[in-house]
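Biologist: I would like a close look at a single part of this model. Please take me through it step by step.

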There are 2 protein chains.
Amino acid sequence: LIDNFADRLLEAIERKGSPVCVGLDPTWDSLPDQLREHQASPTGKLQAVAAFCQGVLEAVAPIVPAVKIQSAYFEVFRAGGVELYFQMVRLARRLGMVVIGDVKRNDIGPTAAAYAQAHLAGLDAPDAVTVNGYFGADGIDPFCDVAAGEGKGLFVLVRTSNPSAGQIQDFASPDRKTLYQHIAGQVAALGDNPGLIGRSGYSSLGAVVGATYPDEARLLRRLMPRQLFLVPGYGAQSATADDCAAAFNNDRTGAIVNAGRSVIYAYRQDGHKDADWKQAVAAAAEAFARDIRLAVGRT
Amino acid sequence: LIDNFADRLLEAIERKGSPVCVGLDPTWDSLPDQLREHQASPTGKLQAVAAFCQGVLEAVAPIVPAVKIQSAYFEVFRAGGVELYFQMVRLARRLGMVVIGDVKRNDIGPTAAAYAQAHLAGLDAPDAVTVNGYFGADGIDPFCDVAAGEGKGLFVLVRTSNPSAGQIQDFASPDRKTLYQHIAGQVAALGDNPGLIGRSGYSSLGAVVGATYPDEARLLRRLMPRQLFLVPGYGAQSATADDCAAAFNNDRTGAIVNAGRSVIYAYRQDGHKDADWKQAVAAAAEAFARDIRLAVGRT
């Protein structure tokens, strides 16, 4: 195994040929009908979600280099959901994918260290996690320590993809620098740590940069040259592949685009028969990967 | 049960006489020696943490109106830890305390809704949770919906207590308003919702305002008159009772001060015999409550 997260992710992208990631965001209401039959109890629902997640991971593993597993949808099922979350982390890795745990944790230093242990440390934890930077360096450093020590990674929230992101993140200083640019500067500085930089020159401390704001992404690409961008917002959140391309460097590296609902619930859109749901997911993952490859110019 | 969170917390404070909260932040390394004997395996460690948490809750229940349970220290034990977290939520409530789940969750709207279901909805979830506001209103609204619908509450991070807080939160606009003041304005606006305001006039949408920055707290008290402040930083983080008093309104209401490590690990400080650890915790909770009562002027 390559012992630097940035190098490992870039190698996986080269091997699969597409800089894309599927977001595993399972909600019981959206599962295929066949999985929802006879599953009304909480335990039954969790079993249905487990079957769905396993099917999605198997369907997309030949196509995409990485999967982003959204903790919230597992935490809905409390302890049983958390058990399933870590089972899916292990399954995704066995299937050859790099695993990003989308947990967006954050707290003061000692507590951030506990979160880093809980979600990033050890072989059965994800390869990388998402982290909220509102506490400043204190809340990020413990994740960097685990990342440097164990060849793991993290993506700090810089520009999120949701409609109200600008209410906070566009807050501006006298020289018109915005908060998200200010955080980008801090992310670039913290990531410029020899223990995190791979042979590729990229850092294992990356940034979340939403595809729904391509002008911001182009600016952030210049402010954070050594950061890998995790780019949410394609598909259900309405960003196009061209919007996503703004997050890449001129050499067509430096970012990985995530699609969640538009891929994993593809069977709900196309009038697929229920029995075909895994094929529909695989086909949507193929179409997504091709769409991004073309937009980025990796043909 | 009083069906508005703000009213319920204020009533609990009046009943116990002190506007204080104990932070349950259990780490195995800090447990009493007697609990750490023969507990080297992960399961053994979790059992020791469970015995410790139960002892702390029983020790402080006669003294303090509320407990803040820090999810990170439970998540370290993965699914088993999450199971214990919810057991401790139920135990604290049975012991008559208001329960704040310190989870600091945050995400885009649909995912924030999942977190609100996971951590705030239902009788076995906490009375309130902490929420990070970096996503703007999208990430806060789903928690407000559960709070308004079920008589629960939330505390949005405004000014955190850690040393590097200012790196992000002091970021300033051309009129010298800082980011934390900007977020305070948004919290005040979102909290001014008839479904959240109690008979007391306070909102069930409160704010986290660290005691380590008393000048900021005084300013924020004016910017958020209807917000209850959850005030961390006393004790191990070195804020004094007078620092904490800055978070209260002139009528001596409007805030609840949290102490974690300085109370729950009191037996490590005073040369207590190990067998006395629960008495040491109770004594520290009494001293903490008295210290805050005097500083706030509730004598």
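Biologist: Which residue just after H7(B) takes a positive phi? Please start there, then show me how chain A and chain B touch.

Modeller: Keep in mind that this is a predicted model. The residue is Gly151(B), with a positive phi of about 70°. Gly151(B) comes just after H7(B), so let us look at that helix. H7(B) covers residues 137–150, which makes 14 residues. At 1.5 Å a residue, H7(B) should span 20 Å. Its end C-alpha atoms are 20 Å apart, so the two values agree.

Now look at what is hidden. Several residues of H7(B) are buried, among them Ala137(B), Asp138(B), Gly139(B) and Ile140(B). Further along the helix, Pro142(B), Phe143(B), Cys144(B), Val146(B) and Ala147(B) are buried too. A general point helps when you turn the helix on screen. An α-helix has 3.6 residues a turn, so residues three or four places apart point the same way.

Next, the two chains. Chain A puts 60 residues in contact with 60 residues of chain B. Together they bury about 4900 Å², and carbon and sulfur atoms give 56% of that area. Three residues stand out on chain A: Arg78(A), Tyr134(A) and Phe171(A). They supply 19% of the area that chain A buries against chain B, more than any other three residues.

Charges and polar atoms also meet here. There are 6 salt bridges between chain A and chain B. One joins Asp124(A) to Arg78(B), with the closest N and O atoms 3.0 Å apart. Polar contacts link 42 residue pairs between the chains.

Which elements of chain A take part? Helix H4, helix H5, strand E3 and helix H7 of chain A are among those that give two or more residues to the side touching chain B. H6(A) gives the most, with 7 residues. By type, the residues on that side of chain A divide into 28 nonpolar, 20 polar and 12 charged.

Finish with one residue, Glu75(A), in helix H4 of chain A. Its relative accessible area is 6%, under the 20% cut-off, so Glu75(A) counts as buried. What surrounds it? Leaving aside neighbours within four places in sequence, Glu75(A) is in contact with Val82(A) and Arg105(A) in chain A. Across in chain B, Glu75(A) is in contact with Arg105(B), Tyr115(B), Ala118(B) and His119(B).

How values were computed:
Residues numbered from 1 in each chain as written. Chains lettered and ligands numbered in written order. Predicted model: local features only at pLDDT ≥ 70, side-chain atom pairs only at ≥ 80, totals over all residues. Heavy atoms only, no water. Contact = heavy atoms within 4.5 Å. Buried area = accessible area lost by both parts, 1.4 Å probe. Salt bridge = Lys/Arg side-chain N within 4 Å of Asp/Glu carboxyl O. Polar contact = N/O pair within 3.5 Å; in protein donor to acceptor, adjacent residues only side chain to side chain. Helix = DSSP H or I, 4+ residues; strand = E, 2+ residues; numbered from the N terminus. Nonpolar A, V, L, I, M, F, W, Y, C, P; charged D, E, K, R; others polar. Buried < 20%, exposed > 50% of the residue type's maximum accessible area, 1.4 Å probe, protein only. Expected span 1.5 Å × (residues − 1).
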